[in-house]
Structure formats: structure tokens, C-alpha cells
Amino acid sequence: MALTHRSTNLLKPLSAAVPFTSSLRRLFSTDDATAITVETSVPFTGHKCDPPPRTIDTTPKELMTFFRDMATMRRMEIAADSLYKAKLIRGFCHLYDGQEAVAVGMEAAITKKDCIITAYRDHCIFLGRGGTLVEAFTELMGRRDGCSRGKGGSMHFYKKESGFYGGHGIVGAQVPLGIGLAFAQKYSKEEHVAFALYGDGAANQGQLFEALNMAALWDLPAILVCENNHYGMGTAEWRAAKSPAYYKRGDYVPGLKVDGMDAFAVKQACKFAKEHALKNGPIILEMDTYRYHGHSMSDPGSTYRTRDEISGVRQERDPLERIRKLILSHDIATEKELKDIEKEIRKEVDEAIAQAKESPMPDPSELFTNVYVKGFGVQSFGADRKEVRAILP
Amino acid sequence: MAVVFQGIGATAALTSATSVDSKKLYILSRRLVSETKSTFMVVRSDGRLNSGSNRRAQKLITNAVATKADSSPATKPGHELLLFEALREGLEEEMERDARVCVMGEDVGHYGGSYKVTKDLANKYGDLRVLDTPIAENSFTGMAIGAAMTGLRPIVEGMNMGFLLLAFNQISNNCGMLHYTSGGQFTIPVVIRGPGGVGRQLGAEHSQRLESYFQSIPGIQMVACSTPYNAKGLMKAAIRSENPVILFEHVLLYNLKERIPDEEYILNLEEAEMVRPGEHITILTYSRMRYHVMQAAKTLVNKGYDPEVIDIRSLKPFDLHTIGNSVKKTHRVLIVEECMRTGGIGASLTAAINEYFHDYLDAPVVCLSSQDVPTPYAGTLEEWTVVQPTQIVTAVEQLCR
């Protein structure tokens, strides 16, 4: 609502100047015109490849988009936390706050025709791929209007039309699926790539190496992204992996280590990876990131790491704060405006939750829908089948 | 282009006991036959349909036949081939028809397949379409499923069904459940096939019957082929189906020879095959045990029994319609299977029959299965692991007392 108010202000002639308007003009007039150069927090480290440069060009619009998207993701996850505690979300709920830069940076580097597949920490990637807040919350609450009709839950968000392939509960099983997506892209000769995301815990799965071997063998345009938040549920990475340098684990497959809390570093790395994958086959990206919440809502997150560590990362490396500082230092918006945007997002999220709460539970008949596809046209109604019909396509 | 063909001898085969059902079927088949434009009639691959005296000719045959051929019925001799060649024919026809169909598995490409089912296909279609995978069942099955999510139609060949245990997670969670958990967004039109069953002294790990493990996975269909005719038909149907289908072949049946029609035909995935109509007892079987049952049937006929033999073909879901009609006629059921006793297909089928047709049974359902032991190497022991024709004869005699 505040936004429409602002735009009407813009339409007013300059003579009707209000101090508020001049700052608005600054906000929106520098949209795409100026290019801003930012530097990533740390340089990239490459394994069997030349890392891309640290400096990236961006625009104020992109910065604002990053801010808005990440703030929405952050707000959604925190709201999901409260909903879980209010017992509106049940089962497992794995929250992504702290890792938003990976989702946002990746989206900025690719198109909707490229595929993304991830594990169970999928709420924000779903949002990044074009999912709406309402779809997400209704699915989390198990209602009929959810993105998977209420039948998937937190770990099974999918959006086929924007190339988001989920949403998988079993650790590591999504990586061979991701290789399959890349195989299909190569088979159909499309110039697109598939990103298969997994965590530092899944990096020790055998099927990953099997999949990597096949991807490298056939030069599939697959990019394996390890979202290394340093804890596989309750086990720290140094206790689970002999070699925690996940970007090197591909051996013959090149790798890149990226600061996953810096959205621009992620964007640069994904762009680089996409170009590489289309030419040379698979590449591994290791995103050095961190999650503030525990593994899931049933994990307090503080038994295996200290609160000082969590707050330390929040203070020094928070992805949202980094973008906020960039925006403020380049005078793209004032602090108040950013706060207003955050308030607006909070309201959006609250409205989405309210709308989601009104959505009804799935009909009991939904229990039996979508188990099979009636593609072949044969219908069988159990023992009392009245008709036998076979329709060939 | 709908085609269902119920067989010209349909009405004659069923007795008055089931007259209501048969009339319904007859009317249905007549109406459907008149609705379609072309004639198509390949009822039985041996072409012995028209001999009225032969009882087998009057059996109920349900085949779905595709299109064309306005030629005179049943005079086309067809061509003779072995079961693995029939599978290959079906596979090749489907690959020709749809560019999205591809095969992946160990040694399917350059080697031609360990049972020659994919011989020469790599030369014809290229290495990407007939893909030689490394020995990584879990991931290449996962890869096939991922490819299927985008619209490809891969066929995964397990060199031996037992190796697919390594891919169980992918088959169960991703293959079976993705259509449901995504709310219908993704279909997984994948076919997983391979030889299983007890062979000739292959050892315990290479003689597994996985249909018992896979049967509870929601969202998949399972079929088992037993003759070249149904192998080709089921292969084509499985490839065209939008659901994930597991096609169980048997190691010992690959060299069976039969005459199959020249015309294109597809079989119904969910239908059972009436092998031999009868009056006294219903024998339900599938895959290799069909042949043991037919061997026992010869002995039984000499002894004066009249068994009705049904090859259930569809292991998930069961064709309870055909089975039910048979039970209502004979009132006695014997299940002969190669699965283990515990938790096998026979166990589920027994439960289903007892649940739906309890009132029609004159005797308890008897299920003859393999022993609950790992298959031994020694030939004599291996013989006694599976059901032998003599055991079938004894069981029928006891049931029909």
C-alpha cells in the first residue's frame, strides 16, 4: 500500500515538491543507469580451474531486488518458525535463514529454463524460482491450495514450470536426479544447465560420486552445489568428513569455493559455472554458508555449537546486512526506506499467512488422486470393475 | 483410435453360471468392435483360433491391438522369434516411434545387452540413446528418474533384478512417490526391467525375486511377462504408460520360441491372461511357473481334472476382475508362484481373494511358493527351492477332493 502511495507521488509535478519525493526520485531514477562495482568478500579458490574475478558489476535495481528477495525469505522463515511453534506446521520444518544469499545469487545468474533441484531445505529456493508466499504457507500447513496440494509438505515443494524440481527428503538422493535433469538437457540439446544442491552432510554419500562420475564421463551440463553450512544435523563437518574441502572432492571434476554469505560472490560463481558446464561438463561449487536455526525445528541448534558462534556469524557475515550496507554506502536508499520495505514485507507475509489459514484442508478423496497417472486410459475399479476400457494414445 | 478387442469366442467360453457377466462383456465387446473403423484381429499368436473343436480356441482373450490391417483375420502367419528378440522388437518399435525413449543400463550399448535384448540398438540410435552406464545402479536409476521428470522416457535395464536392490531408495521414494508428493506436477514414465527369478545354479544373490519387495511401493505398476507374445506387448505398453512400470522378466525364459503377429499390438498392463479355461479349479500363476503349471495341467487332464490356468501378468494391481470371474466359476484357487512364501505376491493375492471372494470359495486358497531360503547352488537343492509340477498336481488333487 505504501508503494502505490509513493508512485502517485512520483507522478506529481516537480513543483509540488515534498522532501520525501526528492529522496524517492533518487531511489527510482538511478534504476538501471548507474553501474556499481562491488568486490566479493574473499577471492574465489579454484580446484583444477581458474577462478573468476572478484569484482562484479551490478545496478541499484539489482541491489534493491536482492535486498527485497532476501528480506522476504528471511521473514518467511521466521514466520514459519512461529507457525511451527503454534503447531500449524507439523512434522519436519527445515529453515533456511542465514543461507538466503545462495538462493538469491543463484537466481540472478540463471534463467527459469535452467533447472534447480535441492534437498529438504527448499522453502527459499522455491520462492526464488517464482513460488508465492501463499503457495508456500498453504503447503506448509497442509492445505489444499499448497504448491503440492498439501500432499508434499515442507520437504516437497516443486514448481515444474519454473524448473524447480524439489524438494527431496532422503539425503543425497536428489543428486542423481539432478544428473538426470542434466542428461535430459543434453539429450534434448538445450543450452541449459542443471544445478543439484546438497549439503555438507550429503557430500559423503556414495551416490554423489557415482553421479559425478557419470556426469563427467558424458560431459553433462550439471553443476553440483554443496551448501556447506558446516553441520550435518548435529555433526560438525570435521567430525564427518576426512576432507572437508568439498570443492576438491570431485578429483577430476573442477571445483570452486565461494563465500556463500555474499550474494554477489554466489552470482559470479554461478555464472562462471554455467558457462563452464555448457562447455566442459560438470563443476562443483562449494558455498561456504551458515544456518542460524538448528537443522530443523526439533533441533535447538545450540547443543553442538555455541551461541557466540551463531551471533558472531550474524554480526559479521549476515547476507542481508551486507546488502543493506552496500545500499546505504552507495546512497541508493536511506535507512528508513529499507526499514519501510522490511515492514511492508512483514505485512505481506502476515497477509499470506492469513490467506493460507483460510485455505481448506484437502478433500478426503484427494488421498487417492495422483497416485497413478491415468495416461494409458485403462480404468480398473477393483473387484467390481464394470467396464474394461483400453485407449491407446 | 480406441481399440479393445475381446475375442470372437468370448461368449462361448463362459458358462451359464456367469452368464450375466459374459453377456455384459459380449455386449461391450460387440459395441466396441462396431465403434472402431478398422478390423484387427490377432487373437492368438498360434493362429489356431478358428478350429471349433479345439477347446483352447474359445478362450477369453483380451488384447488391445493398435490400428491398421484391413486384412483377413488370422491368416497372417506372423513370424517366429525368441523371447529376448520379442522384447527387442517391442523396444525398437517404441524407440522408432518416439524420440524421447532411451535405454540405460550396464552393457546395453556396445555389448548389446547381457541377454541380447538391446543388441545392435546402439549402432542404430547412438550412444546417448542407448547408454552404457558404469556399475552404479542407485545413481543411474536416479538419473533415469530425473530425466523422466523433464519428459524423457527412459528404460532402465538392471542386468539382474537383484542388483536393483541398490536402487531401492530411488525406485521407492523418487520413482513411486514423486507424482503424488508434487501434487501431480511430475510424471515419471520410466520402465525398469530386467531378468530375475531362479535360474540354473546361479547362486543365492543372482536368483532373487524382487516382486515381493517392490509390491508395496505406492505409485508403481508391476508386470511379469512369460511368453514372446506378451513380452513384446507388455514392453510396448510399459513404455507408453505414463506411470513407472517395473517389467519382470525371467532368466530362464529368454530362449522361448513362439510365433507372434506381424502387426503392431499392445497388451493391457492391468489384465491377466487366460491360458487354459477350465471348470474344476483356478490356478493363478505368472512368469516361469506358468510352464510348470502347464506341465502339471497335462498330468491333471489325464487324471480327469479340468484346471483353469490364468497367467496373472499384472502383479500390481491384480486383475481381480478376471480372477474373480474365474473364482466364481470354479470355487477353488491354487496360487503357484516363484516368490518366497513370506510376503510374496502369492501372499498378497491370497489376502485379496479371501477378502473379495470369500463367499465363492469352497476350499481355502492354497499358495505354493518357493521356500524361505536363499537359493542354494547345488542343482538338486535348487530344484526343491521352487515349486515343481508334481507338487502342483498333488495340491490340485487335494483341493479338488
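Select R193(B) to begin: in this predicted model, R193(B) is buried, with a relative accessible area of 1%. Now add E157(B), whose side chain meets that of R193(B) in a salt bridge, at 2.6 Å from N to O. The two residues belong to distant parts of the chain, since E157(B) sits in strand 5 (residues 153–157) of chain B and R193(B) in strand 6 (residues 191–196) of chain B, 36 residues apart. E157(B) is buried as well, at a relative accessible area of 2%.

While chain B is in view, colour residues 81–256, the stretch where UniProt, in an unreviewed entry, places the feature "domain: Transketolase-like pyrimidine-binding". Over residues 81–256 of chain B the chain is 36% helix and 18% strand, and the C-alpha atoms at the two ends are 8 Å apart.

Next, select E89(B), E93(B), E94(B), R97(B), K232(B), K236(B), R240(B) and E264(B) together, and you will have a network of residues linked by salt bridges. Over all chains, a search of the whole structure finds 43 salt bridges, and two further examples can be visited in chain A.

For one of these, show R68(A) and E348(A), which form a salt bridge with their closest N and O atoms 3.5 Å apart. This pair links distant parts of the chain, with R68(A) in helix 3 (residues 60–85) of chain A and E348(A) in helix 13 (residues 335–358) of chain A, 280 residues apart. R68(A) counts as partly exposed at 25% relative accessibility, and E348(A) is also partly exposed, with a relative accessible area of 32%.

For the other, select R317(A) and D259(A), a salt bridge in which the closest N and O atoms are 3.0 Å apart. R317(A) lies in helix 11 (residues 307–317) of chain A and D259(A) in strand 9 (residues 255–259) of chain A, so this salt bridge ties together parts that are 58 residues apart in sequence. Buried or exposed, how does D259(A) count? With a relative accessible area of 9%, D259(A) is buried, whereas R317(A), at 23% relative accessibility, counts as partly exposed.

Turn now to the nonpolar interior. In soluble globular proteins, nonpolar side chains tend to be buried together. Here the largest nonpolar core has 83 residues, and those with the most contacts inside it are F183(A) and I353(B). Its largest share, eight residues, comes from helix 7 (residues 174–187) of chain A. Centre the view on F183(A) and, leaving aside its neighbours within four places in sequence, look for its contacts with L220(A), C102(B), M104(B), L128(B), L131(B), M143(B), A147(B) and L152(B). A second, separate core has 74 residues, and these include F67(A), M76(A), A277(A) and A333(A).

Helix 14 (residues 389–399) of chain B is a good place to look at how buried residues are arranged, for P389(B), I392(B), V393(B), A395(B), V396(B) and L399(B) are buried there. If you look down the axis of helix 14 of chain B, the buried residues fall within an arc of 165 degrees, so they line one face of the helix. On the face turned away from this buried side, helix 14 of chain B carries the exposed residues T390(B) and Q398(B). To see what the buried residues of helix 14 of chain B pack against, display strand 12 (281–285), helix 10 (289–302), strand 15 (333–340) and strand 16 (366–370) of chain B.

The tour ends with some details of the backbone. Select G166(A) and G167(A), which are joined by a cis peptide bond with omega at about 20 degrees; G167(A) is found in the loop between helix 6 (133–140) and helix 7 of chain A. In chain B, another cis peptide bond joins K316(B) and P317(B), with omega at about 0 degrees, and P317(B) is found in the loop between strand 14 (314–316) and helix 11 (320–330) of chain B.

Go back to chain A for K189(A), which has a positive phi of about 55 degrees although it is not a glycine. K189(A) lies in the loop between helix 7 and strand 5 (194–199) of chain A, and at 71% relative accessibility K189(A) counts as exposed. Last, select M233(A), a residue other than glycine whose phi has a positive value near 55 degrees, in the loop between strand 7 (231–232) and strand 8 (235–236) of chain A.

Conventions. Residues numbered from 1 in each chain as written. Chains lettered and ligands numbered in written order. Predicted model: local features only at pLDDT ≥ 70, side-chain atom pairs only at ≥ 80, totals over all residues. Heavy atoms only, no water. Salt bridge = Lys/Arg side-chain N within 4 Å of Asp/Glu carboxyl O. Helix = DSSP H or I, 4+ residues; strand = E, 2+ residues; numbered from the N terminus. Buried < 20%, exposed > 50% of the residue type's maximum accessible area, 1.4 Å probe, protein only. Core = buried A, V, L, I, M, F, W, Y, C linked by side-chain atoms within 4.5 Å. Contact = heavy atoms within 4.5 Å. UniProt positions renumbered as here; feature names shortened; annotations may be inferred. Arc of directions from axis to C-beta.
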